[in-house]
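Reader: I would like a close look at one part of this model, the aromatic residues and the sheet that carries them. Please keep it plain.

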Amino acid sequence: MARWLVGLLLVSGSALAGQGLYPLMSTGDYPSPIEMMQKLELQHPGVISEFEAELDNGELIYEFKMIDPQAKTITEYEYRAIDGSLKERDIGRLKNDDKDELAGIMMLQQSGLTFSEMLTLVCKDSTGHLVKAEVDNDLGISYIELEMLDAEGKRKLAFDMENKQLLPLLKWD
């Protein structure tokens with residue numbers, strides 16, 4: 001019984017986190033995640049491989065992960081969405097278990113588009129707000145898995161970077 005209650009609290013807590021993001025992101029008081037990505041791409045070496053919008057004590061935070069294949073590093077950034085100020089930065093080395101993500105960013109680089117440009121393609125016809133995006137490679141397909149948030153909740157999509165189209169087999173709600 002106790003495990004069931006803890007599970008229920010965890011599920012309802014994650015649902016509430018998504019509900020709190022939507023009103024904040026809908027106010028228009030914050031730069032869009034794609035605008036923040038464009039600045040990051042200009043200011044730092046490497047390729048953005050992951051993005052997530054989160055609430056931290058009521059504050060909207062944009063988290064980014066950048067991979068620099070030449071330096072073999074992964075840098076994680078946290079920015080305050082309200083003013084674009086850097087909250088935290090961590091740098092680490094690429095590991096063997098990062099190979100799928102690395103293959104994905106290599107495909108992204110081959111496409112000639114940045115992460116923000118690829119997401120602009122994905123989001124142009126989508127309703128809602130981008131709250132998560134991650135480059136991956138599986139079964140020889142390099143794709144971006146993303147979450148969109150609207151008034152009805154989150155929905156997940158996958159976007160084939162090579163063919164620049166949604167993957168219907170990986171689309172779920």
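Is Tyr 79 buried or exposed, and at what relative accessibility?

Author: The model is a predicted one. In it, Tyr 79 has a relative accessibility of 9%, so the residue counts as buried, the cut-off being under 20%.

Tyr 79 belongs to an aromatic cluster that also holds Phe 51, Tyr 62, Phe 64 and Tyr 77. The count of aromatic pairs comes to 4. One of them joins Phe 64 and Tyr 79: the ring centres are 6.2 Å apart and the planes stand at 65°, so this pair is edge-to-face, since over 60 degrees is the condition for that label. Phe 64 sits in strand β2 (residues 59-68) and Tyr 79 in strand β3 (residues 73-80), so the pair ties together parts 15 residues apart in sequence. Phe 64 is buried as well, with a relative accessible area of 3%.

Now the sheet. It is open and has 8 strands, in the order β4-β3-β2-β1-β5-β6-β7-β8, with antiparallel pairing. At its edges are β4 (86-93) and β8 (165-166), each of which pairs on one side only. Helix α3 packs on this sheet, where it touches β1, β2, β5 and β6. The direction of α3 makes about 105° with that of β5. Strands β1 and β2 run antiparallel and are joined by 9 bridges. Within the aromatic cluster, Phe 51 has Phe 64 of β2 as its bridge partner.

Phe 64 also leads to Glu 50, a residue of strand β1 (residues 47-56). Leaving aside residues up to four places away in sequence, Glu 50 touches Phe 64 together with its neighbours in number, Glu 63 and Lys 65, and also Glu 101, Phe 115, Ala 133 and Glu 134. Glu 50 has a relative accessibility of 18% and therefore counts as buried, as the limit is under 20%.

One of those contacts, Phe 115, points to helix α4 (residues 115-123), whose buried residues are Phe 115, Ser 116, Met 118, Leu 119, Val 122 and Cys 123. Viewed down the axis of α4, these residues fall within an arc of 160°, so they line one face of the helix. Among the elements that cover them are the helices α2 (33-43) and α3 (99-111), and the strands β1, β5 (129-138), β6 (141-150) and β7 (153-160).

Conventions:
Residues are numbered from 1 along each chain as its sequence is written. This is a predicted model: local features need pLDDT of at least 70, side-chain atom pairs count only at pLDDT 80 or more; totals for chains, interfaces and linings use all residues. Side-chain values use heavy atoms; hydrogens and water are left out. Helices (H or I, at least four residues) and strands (E, at least two) are DSSP runs, numbered from the N terminus. Buried means under 20% relative accessible area, exposed over 50%, partly exposed in between (1.4 Å probe, protein chains only). Contact means heavy atoms within 4.5 Å. The arc is that of the directions from the helix axis to the C-beta atoms. Rings of Phe, Tyr and Trp (its six-membered ring) pair if their centres lie within 6.5 Å; planes under 30 degrees apart count as stacked, over 60 as edge-to-face and the rest as tilted. Two strands pair if DSSP finds at least two bridges between them. Axes are lines fitted to C-alpha atoms, for helices over the stretch in contact, and angles run from 0 to 180 degrees between N-to-C directions.
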